[in-house]
Amino acid sequence: MSDRGRVPDDLLSFPRTDLVVGHRNGRFKFTSLACANDLVVSALRRALRSVLEQDHGKDYASNMLELLLNALGLPEEEARAIAMRPLASLPQTSAVSAIQQRNNTQT
């Protein structure tokens, strides 16, 4: 397999814990953890590539999340409510500050 097609180990393992907990609590419904993990990882990889290739608008990420949560067994209304929640703010890092400063001076 080419390097372009390889999936980093951290991406492969990232959703696994949440899937196990969600399944154990009866929130997610699947018969194979490996299949559920592959569903999430492959959808996220394709979504990231798609966003880098073209603009899908501001609702693309929440629509993708809603679709994934629904596919994992959450009811549509609940999946939509979760997908529409605002993201928590991330701490400011020096790299982010540098990028913001660069972008501000270019405009």
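The following paragraphs go through a predicted model of a single chain, from its overall make-up to its largest pocket and a few individual residues.

The chain has 107 residues, and its secondary structure consists of six helices and zero strands. Read along the sequence, the pattern is therefore α-α-α-α-α-α, since a helix or strand here is a DSSP run numbered from the N terminus. Buried residues make up 21% of the chain. The accessible surface comes to about 8300 Å², and carbon and sulfur atoms account for 57% of that surface. Among the contacts in the chain with a separation of 6 or more, 48% join residues that are 24 or more positions apart.

Helix α3 is a convenient place to begin. The helix covers residues 33-53, which gives it 21 residues. From its first C-alpha to its last, α3 reaches 30 Å, close to the 30 Å expected at 1.5 Å a residue. The buried residues of this helix are A36, N37, V40, V41, A43, A47 and S50. Their spacing can be read against a general property of helices. An α-helix has 3.6 residues a turn, so residues three or four places apart point the same way.

Two of the buried positions in α3 can be followed to other parts of the chain. V41 is in helix α3 and has a relative accessibility of 4%. V41 counts as buried because this value falls under the 20% cut-off. P15 is 26 residues from V41 along the chain, and the C-alpha atoms of the two are separated by 7.6 Å. S50, which also lies in α3, is buried with a relative accessible area of 6%. Leaving aside residues up to four places away in sequence, S50 touches H56 and Y60.

L44 is another residue of helix α3, but L44 is partly exposed. Its relative accessible area is 33%, and it is classed as partly exposed because that value lies between the 20% and 50% limits. L44 and L68 are 24 residues apart in sequence, with 9.3 Å between their C-alpha atoms.

Both of these leucines also appear at the largest pocket. About 880 Å³ of space lies in this pocket. Its lining is made up of 27 residues, and the closest to the centre are L44, A61, L65, L68 and L69. Several helices take part in the lining: α2 (16-24), α3, α4 (60-71) and α5 (76-83) each supply at least two residues. The most comes from α4, with seven residues. By class, the lining of the largest pocket has 23 nonpolar residues, one polar residue and three charged residues.

Helix α4 also holds S62. At 13% relative accessibility, S62 counts as buried. Not counting residues up to four places away in sequence, S62 touches A83 and M84. A83 falls at the end of the range given for α5, residues 76-83.

One loop position completes the tour. G26 is in the loop between α2 and α3. With a relative accessibility of 40%, G26 counts as partly exposed. The pair G26 and G73 is 47 residues apart in sequence, while the distance between their C-alpha atoms is 9.1 Å.

Taken together, the residues described here fall into two groups by accessibility. V41, S50 and S62 are buried, whereas L44 and G26 are partly exposed. V41, S50 and L44 are in helix α3, S62 is in helix α4, and G26 is in the loop between α2 and α3.

Methods:
Residues are numbered from 1 along each chain as its sequence is written. This is a predicted model: local features need pLDDT of at least 70, side-chain atom pairs count only at pLDDT 80 or more; totals for chains, interfaces and linings use all residues. Side-chain values use heavy atoms; hydrogens and water are left out. Helices (H or I, at least four residues) and strands (E, at least two) are DSSP runs, numbered from the N terminus. The expected span of a helix is 1.5 Å times one less than its number of residues. Buried means under 20% relative accessible area, exposed over 50%, partly exposed in between (1.4 Å probe, protein chains only). On a 1 Å grid over the protein atoms alone, a cavity is a set of points where a 1.4 Å probe fits but cannot get out, and a pocket is an open set with protein on both sides within 12 Å along at least five of seven lines; lining residues have an atom within 4 Å of a point. Grid points are joined across faces, edges and corners, and a volume is the space filled by probe spheres set on the points. Ala, Val, Leu, Ile, Met, Phe, Trp, Tyr, Cys and Pro count as nonpolar, Asp, Glu, Lys and Arg as charged, and the others, Gly among them, as polar. Contact means heavy atoms within 4.5 Å. Accessible areas come from the Shrake-Rupley method with a 1.4 Å probe; for residues, only the protein chains shown count as cover.
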